[in-house]
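Got your viewer open? Let's take a short walk through this model, one selection at a time.

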Amino acid sequence: MSSNKPVTDTADVRPGRLGEEQIAANFADMHPPLTPSEAVIDADRCYFCYAAPCTTACPTGIDIPGFIQKIRSGNLKGSAHTILSENIMGGMCARVCPTEVLCEQACVRNTHEDRPVRIGLLQRYATDPVFDEAIPLFERAPATGRTVAVVGGGPAGLSCAHRLAMLGHSATVFEPNEKLGGLNEYGIAAYKTPDDFAAREVAYILSIGGIDVRTGAALGKDFSLGELRAQYDAVFLGTGLAGVNDLGLDKEQVEGVVNAVDYIATLRQVESKASLPVGRRVVVIGGGMTAIDIAVQSKALGAEEVTIAYRRGQESMNASRYEQEFAQVRGVMVRYWSSPRRLLTQDGRVRAVEFESTRIASGGRLEGTGQTFELAADVVFKAIGQKVLWERLAETAEIVDVREDRIVVDEEGRTSLPGVWAGGDCVYGGADLTVSAVQDGKLAALSIDRFLRHPE
Ligand SMILES: Cc1cc2nc3c(=O)[nH]c(=O)nc-3n(C[C@H](O)[C@H](O)[C@H](O)COP(=O)(O)OP(=O)(O)OC[C@H]3O[C@@H](n4cnc5c(N)ncnc54)[C@H](O)[C@@H]3O)c2cc1C
Ligand code: SF4
């Protein structure tokens, strides 16, 4: 089991390391919106490619030249419709997509110049007014009388529910948390989505109608998959990764060793960020987005020394080169080729981590060099990945095919169990990105629709 302890106060772990004003500045919007003239200049840079590579690179297949053309002609509402009809979370994706490895990486401007069209920011420019002014762009089709249980109110579940509602089906979303949104609400770095955008987007999605919401309701605790299958015409599982991988070290339960995602969830919900206890010296173990996010946010809260330790080299990190550089610019140290060996403690608290340097052995395997070093730490964040919380979903695991601890689905999102679909982070082979979860939910809804209209 992973530890889930709050970070508690000591001499070197305390709130108020920075004043409210400084913290507000540190957490300001990472990519401020474009002004109208900036948007037009950027839109003019688009070559409007035929068979546009950016569209192919977008997991939701947004017609990118199409929406940019509409920005150029001043038709912002039409532009937003083009985006949101493929990706109902196009507002959030505009803020959180790693565009440098998706649409913008594919932009042909990269080969002629060194800078792509800023697709993410243009997408935000087109969609912001829709959420700011709650402009209705989608309508429910006449009710079909068919019902679908959607388990999990994250990007996958909400995208599925919205598409089902558009198609006239009734969706019921079951969510254990108080708020919908999944990691958009509880996980994404605060500086990527300020001003309660996640909640505003959820409200917009629900405003289509035909989506019933049950919060405080968890599969495996409050109801079973068997019950859902009996009560609904179809079921969609979008439960994400609610568990956290352990480091596999002794004393992981000790004070000061904390799950990064739990701390981020608290940070996202707390009213005053200055009230959060912050370590003076913070060590983050991991190499993905979560590691970058907890490191940068610790620094933004006033931690003096923040080090990410990753057991392989820079190019193997799940976090993109852009994200790694972003962390470094924000004052985070990254130590590659460093594998944790021991947690060193004093009076029941962590005080340091012992690492062993690593290298690639001749067969390509990662091995320790035998050389060790210590990093002093008041707080150690575990950020080596999340997993499906099978303890809770034991019944589901018994009846649905699972590979490497994730649910197996086909290209339409169908599980091995008839009438049950799945998508997002909980499925095998996914990209673990918001945009991919949205696509999974959309494709599953379209497949469910075909099944409900033409059951075999
Ligand atoms: C710290 C962090 C930062 C990230 N940053 C980015 C980023 O910048 N850009 C990006 O593209 N991606 C990012 N990601 C990944 C992205 O957030 C996920 O890929 C995406 O949220 C997956 O959506 P989902 O709907 O599958 O799962 P989730 O967002 O996890 O939603 C799953 C929902 O299911 C609910 N649930 C869980 N168990 C049950 C149950 N038993 N019964 C009912 N409901 C249940 C959960 O409470 C949750 O609301 C980040 C992830 C993390 C952890
Ligand atoms: S959804 Fe993401 S990947 Fe797709 S076009 Fe928008 S920013 Fe790019």
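Select Asn-184 and turn on the surface: this residue is buried, with a relative accessible area of 2% (buried means under 20%, exposed over 50%, partly exposed in between, using a 1.4 Å probe and protein chains only). Asn-184 sits in helix 11, residues 183–186 (helices are DSSP runs of H or I, at least four residues, numbered from the N terminus). Now show what surrounds it: setting aside neighbours within four places in sequence, Asn-184 has contacts that include Met-89, Glu-201, Arg-268 and Thr-434 (contact means heavy atoms within 4.5 Å).

A word on the ground rules: this is a predicted model, where local features need pLDDT of at least 70, side-chain atom pairs count only at pLDDT 80 or more, and totals for chains, interfaces and linings use all residues. Residues are numbered from 1 along each chain as its sequence is written, and side-chain values use heavy atoms, with hydrogens and water left out.

Next, colour the largest nonpolar core, which has 60 residues (a set of buried Ala, Val, Leu, Ile, Met, Phe, Trp, Tyr and Cys residues joined through side-chain atoms within 4.5 Å). Ile-64, Phe-67 and Ile-448 have the most contacts inside this core. Helix 9 gives the most to it, with seven residues. Then pick a separate core of 37 residues, with Ala-189, Val-258, Val-278 and Leu-301 among them.

Last stop: Phe-67. Leaving out residues up to four places away in sequence, Phe-67 touches seven others you can click through, including Ser-79, Ile-119 and Leu-122.

Technical notes: Chains are lettered from A and ligands numbered from 1 in the order in which they are written. Helices (H or I, at least four residues) and strands (E, at least two) are DSSP runs, numbered from the N terminus.
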